[in-house]
Amino acid sequence: MLSLREMLDWKILSGHTIIAGAGSLSVDVRSVTVIDAPDAVNWVKPHEFVVTSTYPVQQSPDALVVLIEQLAARNAAGLGVKLTRYLRELPDNACGRAEELGFPIISLPGPLAWSDLIGKVFAHGGRQQGREAAHLSAIYRAFSQHRTGIGSLRDLFELVAGFVNLPVVLALENEAGLQLESRGVTAAEAETLAEALIDGAATGAQPDDIPLRVTVGGTKVAVARSGMGANGGGMAAVIERDQSASEPDLECLRLSVDLLQALVDVNAGMRANLASNAKLLGDLLDPLLSREAKNVLIAKALPPANAWHTVVARIFDADTLDGALLTLRLRQFSRRHKALLREEEDGSEYVVAVPAPGLDPRASEAVLRELHQVFERQLEYTPGFLYGLGQSGPAALSEAATLRHEANQAMTFGVRLNGFNRMSRHEDMLLLRLLAHPSVIEESRPGFLRLLEPLLVMGEQGTTLMETLKVWLREDESMPRAAELLGLHVNTVRQRLERCRTILGLTDFRTDTRLRLYAALQLLPLLTNAEG
């Protein structure tokens, strides 16, 4: 094992000066790392000797005290500084704090190359470490040289892929959405992995636990990531199928984090955009703000739109939900469709205002189905996930408060009637909400139950037939859509409907009959509930 005292005897460190912590030089040194960003201390490992040009603290020398405290807390082997370009001397308070902590600080000779020191430390451990030393030295040199030249995720991927021989995935989540670069895995596998790992919530680990080894969907992964937040995040991962990532692989991932965060920070407007969109929607939902004021806000902040839908999404099992992943997908949806997104502080409810794309209602339906699919995809990660969606509109966005109220009513009543995990439209609920008034339910219960009685007495078989009839009516009497939703052949749906007609004693499905059946089937949970 190499001690700091032994390392300081090396020829390449001739001319060094011990500034503080002379009594703690027996500490073990297992590796060397370079830091040139204020937050790089988050990735320092125990027994790592940290070297710096003092660039991160040049503007605020007092920050050196904080850096020393953080390094000591992470059990670093010591701090080597070059007092030749940025700081010319260490402040007295920094030296005094290092002495109090027994933390070594060494003034390193100006001509020393970081890569020479890194390679020699790794080579000291033996032949195996010696073979890896050249690789590690090349990695540190390459990342140092490219630290200011990485302009895109593709640039960083080319750098990482040049050193890592295993399948690798790099992901960046910023204002442009989720960007991916991968090798050795399919695009679908890379997307699933990135969405599960980019924020770390699926593992319960903190972003600075780097590198981290986890298993996601049966895939073993070594991953390093920047923390998720309103400003986005990123991750670099190596797929460990048949062999484990080597020390150079892990160092490559670890060094990628700073560059990933730099790429995120390039999109400096993202945090402001997300925050301003949430604030704008909050203002539009404020019932005390006049319509004229809301129209001024809309005209200044948003492109013209014919009308808007408002969707209220309520989460009923927030304790088991990977909320960060759901929020990530909703942010991506919002950017894609220029929607406004607002999340309650406890994560239990989202409000999304979606512009209607043109005059074609089918285009709006497609966008809203995509929003529904965002929640459906969450079921892949959280089996048993329960949510409710209510949709209002379309109407002018200045009516956002009214639209939210309508969406909330549709969601609440839709969950009560049809259960969880459905999108309920306010227009569809209007008639049913009128009929669901307690006095109306009490008076209409005998007639509605008499209409459905032939199916109700059949038990499970009757329940199956009623579900088919209910879906067919709800889907505008479209047999293909009903068959798709029920997982049946169209002919099976047709046969079930004919059987329903026969059992119910109907000559045909006339308009008034269909209306009574639709209302009775939708209201059935209330009709059969004595407390309805």
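User: Strands are DSSP runs of at least two residues, numbered from the N terminus. In which strand of this model does Thr33 lie?

Analyst: The model is a predicted one. Within it, the run of residues 31-34 takes in Thr33. The strand that holds Thr33 is therefore, by numbering from the N terminus, the one labelled β2.

User: Is Thr33 buried or exposed, and what is its relative accessible area?

Analyst: Apart from neighbours within four places in sequence, Thr33 is in contact with Val44, Glu48, Phe49, Val50, Val51, Tyr140 and Arg254. A residue counts as buried under 20% relative accessible area. Thr33 is buried, and its relative accessible area is 3%.

User: How many helices and how many strands does the protein chain have?

Analyst: The chain has 532 residues, of which 48% are buried. Among contacts with a separation of 6 or more, 68% join residues 24 or more positions apart. The secondary structure of the chain comes to 20 helices and 15 strands.

User: At what angle do helices α15 and α18 pack?

Analyst: Helix α15 spans residues 438-456 and helix α18 spans residues 490-504. Their axes lie 9 Å apart, and α15 passes α18 in a right-handed crossing. The packing angle of the two helices is about 115 degrees.

User: How many nonpolar residues does the contact of α15 with α18 have?

Analyst: On the side of α15, the contact is made by Leu451, Leu452, Pro454 and Leu455. On the side of α18, Cys500, Ile503 and Leu504 take part. With no polar and no charged residues in the contact, the number of nonpolar residues is 7.

User: Which class describes the aromatic pair of Trp472 and Phe509: stacked, edge-to-face or tilted?

Analyst: The structure holds 4 aromatic pairs, and that of Trp472 and Phe509 has its ring centres 5.4 Å apart and 55 degrees between the planes. Planes under 30 degrees apart count as stacked and those over 60 as edge-to-face. The angle of 55 degrees fits neither class, so the pair is tilted.

User: How many residues apart in sequence are the parts that the pair of Trp472 and Phe509 ties together?

Analyst: Trp472 is buried at 8% relative accessible area, and Phe509 counts as buried at 17%. Trp472 lies in helix α16 (residues 460-474), whereas Phe509 lies in the loop between α18 and α19 (511-522). The pair therefore ties together parts whose separation in sequence is 37 residues.

User: Which residues touch Ala519, not counting those up to four places away in sequence?

Analyst: Ala519 lies in helix α19 and is buried, with a relative accessible area of 3%. One of its partners is 71 residues away in sequence, with 8.4 Å between the C-alpha atoms: Phe448. The residues that Ala519 touches are Leu432, Leu435 and Phe448.

User: What distance separates the C-alpha atoms of Ala94 and Leu64?

Analyst: Ala94 is placed in helix α3 (residues 92-101) and counts as buried, at 0% relative accessibility. Not counting residues up to four places away in sequence, Ala94 touches Leu64, Val65 and Ile68. Ala94 and Leu64 are 30 residues apart along the chain, and their C-alpha atoms are separated by 6.2 Å.

User: How far apart in space are Leu8 and Ile18, C-alpha to C-alpha?

Analyst: Leu8 belongs to helix α1 (residues 4-8) and counts as buried at 7% relative accessibility. Beyond its neighbours within four places in sequence, Leu8 is in contact with Leu13, His16, Ile18, Leu25 and Ile106. Leu8 and Ile18 are 10 residues apart in sequence, and their C-alpha distance is 9.5 Å.

User: His47 and Asn75 each have a positive phi; which of them counts as partly exposed?

Analyst: Neither residue is a glycine, yet phi is about 65 degrees in His47 and about 65 degrees in Asn75. His47 is found in the loop between β2 and β3 (48-52), and Asn75 in the loop between α2 (63-73) and β4 (78-81). At 15% relative accessibility, His47 counts as buried. At 40%, the residue that counts as partly exposed is Asn75.

User: Over the face of which residue does Lys120 lie?

Analyst: A charge sits over a ring if, for a lysine, NZ is within 6 Å of the ring centre and within 35 degrees of the ring normal. Lys120 is at 4.9 Å from the ring centre. The residue whose face lies under Lys120 is Trp10.

How values were computed:
Residues numbered from 1 in each chain as written. Predicted model: local features only at pLDDT ≥ 70, side-chain atom pairs only at ≥ 80, totals over all residues. Heavy atoms only, no water. Axes fitted to C-alpha atoms, helices over the stretch in contact; angles between N-to-C directions. Helix = DSSP H or I, 4+ residues; strand = E, 2+ residues; numbered from the N terminus. Left-handed = near helix turned anticlockwise from the far one by under 90°. Contact = heavy atoms within 4.5 Å. Nonpolar A, V, L, I, M, F, W, Y, C, P; charged D, E, K, R; others polar. Phe/Tyr/Trp six-rings, centres within 6.5 Å; stacked < 30°, edge-to-face > 60°. Buried < 20%, exposed > 50% of the residue type's maximum accessible area, 1.4 Å probe, protein only.
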